[in-house]
Amino acid sequence: IASCALDLGGEHVASAAHGGDDLRDAGVRLDLAAQAAHLYVDAAIERCRAAAACQVKQLIAAQRALRVLDERVRRAAHLWTDVLGVPEGGQVAVLLSNRVELVELIIGALLAGVTITPVNWHLAADEIAYILDDSGAAVIVTEPDHLATVTTAVRLLVRSLSPRSRI
């Protein structure tokens, strides 16, 4: 999972071994250099273990996130078909700000076989009404912040579809 590069410091060990005239001094320096190299290697190995443990934790967290996403997408599919009664092949619309629930509802609609029309939350009520009419959406899901605008859009759409308004 993790990759580590270990620099054993070979050049430093070799230069320490050749640095003195006395063979005994060179041996002591070589022992000290070898001990320093071992400490360096041990520290590098520990960093590698920590990095691998971190990557394993990230992998486990990602797997948990995918399980949660799968559960939430399945709940969204259930919402479309069983709670809201949208048949397979039906049309729906979603007007949400930038939220993770938007992605969940879109993937849930795909899972349920429902065609979804995302509606930009910056649009005015008359523009939303046009999109709802054009898409043929039977249901629109929104959040409290946009409920007033969506309600106005639905009223405009109903008014435009009533027989009296066309006369």
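This report describes the fold, strand pairing and nonpolar cores of a predicted protein model.

## Overall architecture

The protein chain contains five helices and three strands. In sequence order, these elements follow the pattern α-α-β-α-β-α-β-α.

Of the 167 residues in the protein chain, 26% are buried. The accessible surface comes to about 11500 Å², and carbon and sulfur atoms account for 58% of that area. Among contacts in the chain with a separation of 6 or more, 71% are between residues 24 or more positions apart.

## Strand pairing and crossover

Strand β1 covers residues 91–95. Its pairing with strand β2, residues 115–118, is parallel and runs over four bridges. Within this pairing, Q91 has T115 of β2 as its bridge partner. Between β1 and β2 the chain passes through α3, and the resulting β-α-β crossover is right-handed.

## Surroundings of L95

L95 belongs to strand β1. Because its relative accessibility is 1%, and buried means under 20%, L95 counts as buried.

Leaving out residues up to four places away in sequence, L95 touches V119, N120, W121, I128, I140, V141, T142, E143, H146 and V150. One of these, V141, lies 46 residues from L95 along the chain, and the C-alpha atoms of L95 and V141 are separated by 6.2 Å.

## Nonpolar cores

In soluble globular proteins, nonpolar side chains tend to be buried together. The largest nonpolar core in this model has 15 residues. Within this core, the residues with the most contacts are W80, V92, V94, L105, V114, I116 and V139. Two or more residues each come from α2 (23–83), β1, α3 (100–112) and β3 (139–142). Helix α3 gives the largest share of this core, with four residues.

L105 is among the residues with the most contacts inside the largest core. Apart from neighbours within four places in sequence, L105 is in contact with A76, L79, W80, V94, L96, I116 and V141. A second core, separate from the largest one, has 11 residues, including A93, I128, A137 and A153. I128 also appears among the residues that L95 touches.

Terms used. Residues are numbered from 1 along each chain as its sequence is written. This is a predicted model: local features need pLDDT of at least 70, side-chain atom pairs count only at pLDDT 80 or more; totals for chains, interfaces and linings use all residues. Side-chain values use heavy atoms; hydrogens and water are left out. Buried means under 20% relative accessible area, exposed over 50%, partly exposed in between (1.4 Å probe, protein chains only). Contact means heavy atoms within 4.5 Å. Accessible areas come from the Shrake-Rupley method with a 1.4 Å probe; for residues, only the protein chains shown count as cover. A nonpolar core is a set of buried Ala, Val, Leu, Ile, Met, Phe, Trp, Tyr and Cys residues joined through side-chain atoms within 4.5 Å. Two strands pair if DSSP finds at least two bridges between them. A crossover is right-handed if, with the strands pointing away from the viewer, the path from the first strand over the helix to the second runs clockwise.
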